[in-house]
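Hi everyone, thanks for making room for me today. Have a look at the structure on the screen, and I'll talk you through it.

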Amino acid sequence: MLELKGVTKIFNAGTVNENVVLRDINLKVDEGDFISIIGSNGAGKSTLLNVIAGVYPVDRGTILLDGRDITRVPEHERARFIGRVFQDPMKGTAPSMTIEENLAIAYCRNARRTLKWGLNNKLREEFRQKLAETGLGLENRLNYKVKLLSGGQRQALTLIIATMVKPKLLLLDEHTAALDPSTARLINNLTEKVVLQKGITTLMITHNMEHAIKMGNRLIMMDKGQIILDIKGSDKTSLTVNELVGMFEQAAQRKFDEDRIMLGARS
Ligand SMILES: Nc1ncnc2c1ncn2[C@@H]1O[C@H](COP(=O)(O)OP(=O)(O)OP(=O)(O)O)[C@@H](O)[C@H]1O
């Protein structure tokens, strides 16, 4: 459903600061795949999601979604079918609007609908049900301004907003990294629930190896702008953190000494 062919991204091309961040990336994502992406600092993980979302143009290569060439489709247009949740809980929602208003905007925008008759009780009930699934009591706070919510509550709301109308693709960029361990666990559980319930094709960057192994049906490891490991099915289910470290060392041809990739002990 998503296919990257020879995707290359170079920042500051032709200058002394030239940086080839994605090197000839070839990736085929199947419908319903839930892929966790892990890799060293500066490996190109966020840039990969950013070129898929249309934040940056690619220098070479093609991006196909459901057979359509979206390589040159602008970011705002891709946002109609690509949902995103970022590391920063401040992104993805309108802070001075209420929870209900944020949900209403997402409901209209993604489905190209208009709220001709305003918010009716049926729709409010639908919103309440979705919020109840977060387990954070948000369903009783429809009229709360989003800026009053905690980081975890905001990430849960952003996730609900990004998936309210099923996106073709969901991109999660370390969306639990700024949260405390127990809130991160809660948001990870909610992520699995929403993604699996709706069968949403998802790419999720995490710096936590344990999460990367546990979540999703496929694991990709990036290093220096390339995909060096792609593990799926029973190979992934039975994987351990130690094995993954060993596979990294073999594929990257260097010792694993990345302090930012966590083995899973802290969160
Ligand atoms: N807008 C930009 N302009 C110039 N260089 C950039 C830009 N965005 C990213 N880079 C560079 O691209 C490289 C890859 O960055 P990227 O954020 O994709 O890595 P990452 O794998 O997500 O790393 P991390 O785990 O540290 O977030 C880095 O060297 C970074 O400095």
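Let's start with Phe-34: is it buried or exposed? Phe-34 has 21 C-beta neighbours inside 10 Å, so it counts as buried. I should say right away that this is a predicted model, so please hear everything that follows in that light. Phe-34 sits in strand 3, which covers residues 34-39. Which residues does Phe-34 contact, leaving aside its neighbours within four places in sequence? They are Val-195, Thr-202, Met-215, Gly-216 and Asn-217. There is also a long jump in sequence to point out: Leu-171 is 137 residues away from Phe-34 along the chain, yet their C-alpha atoms are separated by 10 Å.

Let me zoom out to the whole chain. If you were counting along with the picture, there are 9 helices and 10 strands. The C-alpha atoms fill a box of roughly 60 × 40 × 35 Å along the principal axes. How does the radius of gyration compare with that of a compact globule? For 267 residues such a globule would have a radius near 18 Å, and the chain has 19 Å, so the two agree. Buried residues account for 37% of the 267. As for contacts, take those between residues at least 6 apart in sequence: 69% of them join residues at least 24 apart.

Now, the domains. The chain is divided into domain 1, made of 1-81 + 167-267, and domain 2, which is 86-164. Their centres, taken over C-alpha atoms, are separated by 26 Å. Where the two meet, domain 1 puts in 18 residues and domain 2 puts in 15. On the domain 1 side, the elements giving two or more residues are strand 7 (169-173) and helix 6 (181-198). Which of the elements gives the most to that side? Helix 6 does, with 8 residues. By class, the domain 1 side has 10 nonpolar, 3 polar and 5 charged residues.

Let's stay on helix 6 for a moment and pick out Leu-190, which lies in that helix. Why does Leu-190 count as buried? The cut-off is 20 or more other C-beta atoms within 10 Å, and Leu-190 is buried because it has 20 of them. Not counting residues up to four places away in sequence, Leu-190 touches Thr-134, Ala-156 and Leu-159. For the last of these I can give you a distance: Leu-190 and Leu-159 are 31 residues apart along the chain, and 8.6 Å separate their C-alpha atoms.

Ala-156 brings me to the largest nonpolar core. This core has 61 residues, and the members that touch the most others are Ile-37, Ala-156, Leu-157 and Leu-171. Which helix gives the most to this core? That is helix 5, residues 151-163, with 6 residues. The core draws at least three residues from each of the two domains, domain 1 and domain 2. Back to one of those well-connected members, Ile-37: setting aside residues up to four places away in sequence, Ile-37 touches Lys-45, Leu-203, Met-204, Ile-205, Ile-220 and Met-222.

Lys-45 gives me a nice bridge to the ligand, as Lys-45 is one of the residues around it. The others in that shell include Phe-11, Asn-19, Val-21, Gly-39, Asn-41 and Thr-47. Two elements give two or more residues to the shell, strand 2 (19-29) and helix 1 (45-53), and helix 1 gives the most, with 3 residues. By class, the shell splits into 3 nonpolar, 7 polar and 1 charged.

Finally, two spots for the backbone enthusiasts. Asn-12 is not a glycine, but it has a positive phi of about 55°. Asn-12 lies in the loop between strand 1 (2-11) and strand 2, and it is exposed, with 9 other C-beta atoms within 10 Å. Lys-224, also not a glycine, has a positive phi of about 45°. You'll find Lys-224 in the loop between strand 9 (218-223) and strand 10 (226-232). With 14 other C-beta atoms within 10 Å, Lys-224 is partly exposed.

That's my tour, and thank you all for listening.

Notes: Residues are numbered from 1 along each chain as its sequence is written. This is a predicted model: local features need pLDDT of at least 70, side-chain atom pairs count only at pLDDT 80 or more; totals for chains, interfaces and linings use all residues. A nonpolar core is a set of buried Ala, Val, Leu, Ile, Met, Phe, Trp, Tyr and Cys residues joined through C-beta atoms within 7 Å. A residue is buried if 20 or more other C-beta atoms lie within 10 Å of its own, exposed if 12 or fewer, and partly exposed in between; C-beta atoms are placed from the backbone. Helices (H or I, at least four residues) and strands (E, at least two) are DSSP runs, numbered from the N terminus. Domain bounds come from an automatic or database domain assignment. Two residues are in contact if their C-beta atoms, placed from the backbone, lie within 7 Å. A residue is near a molecule or strand if its C-beta atom, placed from the backbone, lies within 6 Å of it. Ala, Val, Leu, Ile, Met, Phe, Trp, Tyr, Cys and Pro count as nonpolar, Asp, Glu, Lys and Arg as charged, and the others, Gly among them, as polar. The radius of gyration is taken over C-alpha atoms; the globule rule is 2.2 Å times the number of residues to the power 0.38.
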